[in-house]
Every structure is written in C-alpha cells, then in structure tokens.
Amino acid sequence: MNVTIEKAGILDAEKLTEIMKRTFDIEARRWLPISEVVDNNLQPPGYDSIEMTKYMIEELAYYKIRYEEGIVGGVIVTLTGKTFGRIDRIFIDPTYQGKKIGSRAMDLIEEEFPAVHTWDLETSSSQVNNHQFYEKKGYENTYRTRGEYGYIKRKELSLEKDNRVRNEDLSNKQYEECHMEELECYQVSLAGSSFGNSNLMNTNFNNCNLSGSKFQNLNLSRSLYADLNFSQSRFRFVTLNGVRFTDTHLEEVGEPISFERCNLQGTEIRNSDLRNVKITDSDVTGMTIDHIPVEKLLEVYYQTMEKQLNKKKYER
C-alpha cells in the first residue's frame, strides 16, 4: 500500500482544512440524530478554520497523509516530553475510506516516534466504528461517558529502559533543592500542589486541567498560550510588551473583556470585531481608526453636536 506521511507545511493548510471539514461534517450527519447537537469529537473546535490549521501546523506535529501521491487526510499529534503522545485528530477523505489508509497512517506515526511508549486519544461515543478500529490497533478503552470514549495504548518496555514510576502515592511530600530536569508526567494528579522559587523554563503543559490555579510573580516571557479557556480569569499587574492575540474570541454568550488602568500604548487591532466596544476616561492621543485620528473624529463629532444644539436654540 503506497501510504506515506509527511510533515505538513503552511501551504497545505487550505487543502487539509477542506478535507477535514468535509470528513467531519459527513461523520456528524451520520452519527448525530439531531443537527443542533454539538459533539466536539465529531466536529472539533476550529475544524473548519484555515487559521486553526495553520496554528496546529506551526505548533503541533501535523502530518499530511499521502496516498498515490495525493493528500487524502491528516493526523495531528501532541507530544508530552519524549515518551508520551496523543493523537489529537486523524481524518481520511471519505472518498478514500475503507482502504486501510488510516490504519497504515497510525502505524507510520508510531514508527515516526519510536521513543513514545504511551499513546492516548478520545473519540465520540457515537462512532462505534472508531471504537472497533482503535481496539484493533491495540488501544484499550479507559473510560466511557455519554459523549466520549477514551483510549490508551502502552508499549512493552525492557527492564533496562523502563524508568517509569507508576501507581505510586507521592501525596503530601515536599521536594527541596532537587534536580528533576526533563521530568515527564502523564495522567498524574497534582491537585493542590505548590511550586515556589523553582526553575520551570521550557515546561510543556498540554491537555491539563489548571482551573482555579494561581500564577503569581512569574517570568512567562516568550511563552505560548494557545487553544486555552481563560473564561472568568483575572490578570492583574501583568506586563504585556510585544504580546500578540490572534484568533481569540469571546463566547457567544459571555462577559465582555474589561481593561482598567491599563497602558495600551502602541497597541494594534486589525481585522477584528469591535462591535459595542466602549472606551471611557482614556487618553486617545495618537489613536487612529482606519488611519483616521480619533482626536479629529471626536473634534468633528463635538462640532456637529454643537451645531445641532445651536440650531435647536435658533428654532425656538
């Protein structure tokens, strides 16, 4: 079977997005009885967005699947350290399904990352064919909810290579002046833990629940924050020099973002939805909208309002 995988590039974004959208839309129509039902495994957030595809190509391990020299699908992988991998998405053009292309692509991904000994993924509880497929590939079902099935695949390791600490209760311990570089944690509960005066440079957090956490007095320069939920969070005394927000949005029904006592000099807002944005009691010196100085706009506005008032007085 002439199936290969190759790292995707930005120029592949449009093609891969088109295939992904068509694939997941067909799956949704097949498995969801009601069109209004939302299933993030059948139609993942941003699955139809070229910009989301570009982000994943740039920041994740995104491979295009080729069959007979053409692109027929993709597989997106998130790596945690060197030994834990996650299949975020895998999709095959419906026209080419049934040819065992997906099965071969998953084998090739495992060959691409031989050091990874634990793989996991989630799929919709509705997609019975997926459950059977993953189990045939050696994955074990780890949990089932009304909307989602979780799977994991662990490779056997030789004793000399197995340095894992598994199923140990390390709660209520204190680590002081310890060297733990390149520590890898997978399916570990760190609820209520504290890290102070420690070096966590280049640490990678993905697919983790950090809700209710506190991040204070930290150096987070040159960090990446992507595909995150910051709802109801607060940012106080934060330095944002050079920070860029792209493809960021409020929920359809949500509280507005609020800036108070903030220095936003030199900020650029482009190609954004600013409906109902309110700016009050702020210095707008040099601020422009579509290259028009806001000071001039306000000047014209106040002149117009004054003329209208004078006209009303004259009419009286």
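Is Glu255 buried or exposed? Glu255 counts as exposed, at 56% relative accessibility. That residue opens a short tour of this predicted model, told as legends for a handful of close-up views.

**View 1. Glu255 and its spatial partner Gln232.**
Here we look at Glu255, found in the loop between strand 7 and strand 8. Its relative accessibility of 56% is over the 50% mark, so Glu255 counts as exposed. Gln232 is 23 residues away from Glu255 in sequence, and the two C-alpha atoms are 8.3 Å apart in space.

**View 2. A positive surface patch.**
Four residues make up this patch: Lys214, Arg234, Arg236 and Arg261. Let your eye settle on Arg261, which is found in the loop between strand 7 (148-154) and strand 8 (288-289). With a relative accessible area of 82%, Arg261 is exposed.

**View 3. An edge-to-face pair, Tyr63 and Phe113.**
The structure holds 12 aromatic pairs, and this view takes up one of them. The ring centres of Tyr63 and Phe113 are 6.1 Å apart and the ring planes stand at 85°, so the pair is edge-to-face. Tyr63 belongs to strand 2 (residues 61-67), while Phe113 sits in the loop between helix 3 (101-112) and strand 5 (118-124); the pair therefore ties together parts that are 50 residues apart in sequence. Both Tyr63 and Phe113 are buried.

**View 4. A stacked pair, Phe84 and Tyr186.**
What is the arrangement of the rings of Phe84 and Tyr186? Their planes are at 5° and their centres 4.8 Å apart, so the pair is stacked. This pair links distant parts of the chain, 102 residues apart: Phe84 lies in strand 4 (residues 84-92) and Tyr186 in the loop between strand 7 and strand 8. Phe84 is buried, with a relative accessible area of 10%. Tyr186, at 17%, is buried too, because buried means under 20%.

**View 5. A cluster of aromatic rings.**
Five residues appear in this view: Phe133, Tyr134, Tyr139, Tyr149 and Tyr151. Ring pairs link them into a cluster.

**View 6. The salt bridge between Glu6 and Lys64.**
Now we turn to charged side chains. Side chains of opposite charge can pair when their charged atoms come close. A search of the whole structure finds 14 salt bridges, and in this one the side chains of Glu6 and Lys64 meet at 3.8 Å, N to O. Glu6 is in strand 1 (residues 3-7) and Lys64 in strand 2, so the salt bridge ties together parts that are 58 residues apart in sequence. How do the two partners compare in exposure? Glu6 counts as partly exposed, at 39% relative accessibility, whereas Lys64 is buried, with a relative accessible area of 7%. Widen the view a little to bring in Asp12, which is linked with Glu6 and Lys64 in a network of salt bridges.

**View 7. A buried salt-bridge pair, Glu110 and Lys153.**
In this salt bridge, the closest N and O atoms of Glu110 and Lys153 are 2.9 Å apart. Glu110 lies in helix 3 and Lys153 in strand 7, so parts that are 43 residues apart in sequence are tied together by the pair. Glu110 is buried, and Lys153 is buried as well.

**View 8. An exposed salt-bridge pair, Arg270 and Glu268.**
Compare the previous view with this one, where Arg270 forms a salt bridge with Glu268 and the closest N and O atoms are 3.8 Å apart. Arg270 is exposed, with a relative accessible area of 66%. Glu268 is exposed too, with a relative accessible area of 59%.

**View 9. Thr118 in strand 5.**
Thr118 has its place in strand 5 and is buried, with a relative accessible area of 1%. Arg166 is 48 residues from Thr118 along the chain, and their C-alpha atoms are separated by 13 Å.

**View 10. Leu298 in helix 5.**
The last view rests on Leu298, a residue of helix 5 (residues 294-315). Leu298 counts as partly exposed, at 34% relative accessibility. How many Å separate the C-alpha atoms of Leu298 and Thr4? The separation is 60 Å, for residues that are 294 apart along the chain.

Note on methods: Residues are numbered from 1 along each chain as its sequence is written. This is a predicted model: local features need pLDDT of at least 70, side-chain atom pairs count only at pLDDT 80 or more; totals for chains, interfaces and linings use all residues. Side-chain values use heavy atoms; hydrogens and water are left out. Patches are made of residues with over 30% relative accessible area and no salt bridge: like charges are joined within 9 Å, nonpolar side chains (Val, Leu, Ile, Met, Phe, Trp, Tyr) within 5 Å. Accessible areas come from the Shrake-Rupley method with a 1.4 Å probe; for residues, only the protein chains shown count as cover. Lys and Arg count as positive and Asp and Glu as negative; His and the chain ends are not counted. The place of a charge is taken as NZ of Lys, CZ of Arg, CG of Asp or CD of Glu. Helices (H or I, at least four residues) and strands (E, at least two) are DSSP runs, numbered from the N terminus. Buried means under 20% relative accessible area, exposed over 50%, partly exposed in between (1.4 Å probe, protein chains only). Rings of Phe, Tyr and Trp (its six-membered ring) pair if their centres lie within 6.5 Å; planes under 30 degrees apart count as stacked, over 60 as edge-to-face and the rest as tilted.
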